[in-house]
Amino acid sequence: MSAQDGSAAVQAPGARSAVTCIDLDRTVIYSPRALLLPGTDHTAPRLLVVEVYQGEPLSFVTEQAARLLPVLAAATHLVPTTTRTPLQLARVDLPGVGRQQPGTARTGRPPSSGPSFAIASNGGHLLVDGVPDQDWNLQVRRALSGCAPVDQVHAHLQEHRGDFMENLRTASDLFVYCVVDRAELPASWVVELSGWCIERGWGVSVQGRKIYCVPGPLTKSAAAREVQDRTGAGRLVAAGDSLLDAELLQAADAAVRPAQGELADTRWTTPGLHITTAPGVLGGEELVRWLLAQVGSHPPGTPGSGAAASAAAAPR
Ligand SMILES: [Mg+2]
């Protein structure tokens, strides 16, 4: 299951004509409480740990998804596209992509493939070979100059925090998030917060135990378009599960979301959107197969699809 094997397998004329932006948490990688495995423990798929936090395994993909991701990375400009900060993203070692740290973000990529890209902080950071791009950072700061300042939003949350709020953070000096006890969180609190934020050009997204407040112009799609410009790729393919991903999915030429998550909870859709059948980590694997079919010369599992088909059809 080496990334090198997959990367070498699908270098074909016309390949990498697309940028494929994949949200990570609860789209491709899943924490233990988000796995949503069906059936009994005795039928569970084998999982690969892709993130360790404070010495404990935190995020997983199925072993099959781990086989397919390097194939996908060879067939497209595969761009991890997350609301995580660069520091949080650097904990993730995604098969076929590697860690987003200077000197390590090219793991498994052929030397001729050009720079690797990753989008962090909901579009606030564009990482090029693991290094934050300063030009992009300046562009983002300019775009946000018309929004309410991050300190004002942080102060509002601080003023209205309740016992349900476990911590409150400013991320990358760009947006604010807090971790809450969902069982104790009053539904009206999120509604009121959303109303207050909207009036100031900000939006709110609830993802598991985290509530994000993000300025409107801070978008994943703006950074995705920047990657398209820099790579010359004409097509944008995207995957995501939360309200913060909605504008990225709408901007894409082809888009997919998992069967669970914030978008699923609100039955959100957009023309042409594909929705996985399975939720959780198996939905993540299904989603990678779908992406591979979107960008591959041949859909996986069909005659002539070569290594892509072999990897996709390999037994567990
Ligand atoms: Mg997500």
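## Core, four-stranded sheet and loops in a predicted model

Of the contacts in the protein with a separation of 6 or more, 61% are between residues 24 or more positions apart; two residues are in contact if their C-beta atoms, placed from the backbone, lie within 7 Å. This is a predicted model, in which local features need pLDDT of at least 70, side-chain atom pairs count only at pLDDT 80 or more, and totals for chains, interfaces and linings use all residues. Residues are numbered from 1 along each chain as its sequence is written.

The protein has 11 helices and 14 strands. Both are DSSP runs numbered from the N terminus, helices being H or I with at least four residues and strands being E with at least two. Of the 316 residues in the protein, 47% are buried. A residue is buried if 20 or more other C-beta atoms lie within 10 Å of its own, exposed if 12 or fewer, and partly exposed in between, with C-beta atoms placed from the backbone.

**The core and helix α2**

The largest nonpolar core has 79 residues. A nonpolar core is a set of buried Ala, Val, Leu, Ile, Met, Phe, Trp, Tyr and Cys residues joined through C-beta atoms within 7 Å. The residues with the most contacts inside this core are Cys21, Leu72, Phe175, Cys213, Ala238, Val288 and Leu291. Helix α2 (residues 63-75) gives the most to the core, with 9 residues. The core lies between domain 1 (16-141 + 218-310) and domain 2 (148-215), because both give residues to it; the domain bounds come from an automatic or database domain assignment. In soluble globular proteins, nonpolar side chains tend to be buried together.

Helix α2 is largely enclosed by the rest of the structure, because 12 of its 13 residues are buried. Among the buried residues of α2 are Arg67, Leu68, Leu69 and Leu72. Leaving aside neighbours within four places in sequence, Leu291 is in contact with Leu72, and also with Thr20, Val237, Ala239 and Val256.

**The open sheet**

Four strands form an open sheet in the order β8-β9-β11-β10, with antiparallel pairing. Strands β8 and β10 (202-207) stand at the edges with a single partner strand each, so one side of each is left without a neighbour in the sheet. From one strand to the next the twist averages 15°. Axes are lines fitted to C-alpha atoms, for helices over the stretch in contact, and angles run from 0 to 180 degrees between N-to-C directions. Two strands pair if DSSP finds at least two bridges between them. The pairings are set out below.

| Strand pair | Bridges | Opposed residues |
|---|---|---|
| β8 (residues 165-171) and β9 | 6 bridges | Leu168 and Cys178 |
| β9 and β11 (residues 210-215) | 4 bridges | Cys178 and Ile211 |
| β10 and β11 | 6 bridges | Gln207 and Lys210 |

Strand β9 (residues 175-180) is largely enclosed by the rest of the structure, because 5 of its 6 residues are buried. Strand β11 is mostly covered, with 5 of its 6 residues buried. Val176 stands opposite Cys213 in β11, and Val179 stands opposite Lys210.

Two hairpins belong to this sheet. Strands β8 and β9 have 3 residues between them, and Ser172 in the turn has a positive phi of about 55°. Strands β10 and β11 have 2 residues between them, and Gly208 in the turn has a positive phi of about 60°.

**Helices**

Helix α5 (residues 150-159) lies across β8, β9, β10 and β11, running at about 20° to β9. Helix α6 (residues 187-198) lies across β10 and β11, running at about 150° to β10.

The axes of helix α7 (residues 220-231) and helix α8 (residues 243-251) come within 8 Å and cross at roughly 40°. Helices α7 and α8 are therefore oblique to each other: angles under 35 degrees count as roughly parallel, over 145 as roughly antiparallel, 65 to 115 as roughly perpendicular and the rest as oblique. Lys220, Ser221 and Ala224 in α7 meet Asp245, Glu247, Leu248 and Ala251 in α8.

**Loop residues with positive phi**

Asn122, found in the loop between β5 (117-120) and β6 (125-128), has a positive phi near 55° although it is a residue other than glycine. Asn122 is buried, with 28 other C-beta atoms within 10 Å. Asp129 lies in the loop between β6 and β7 (131-132); its phi is also positive, at about 50°, and it is not a glycine. Asp129 counts as partly exposed, with 18 C-beta neighbours inside 10 Å.
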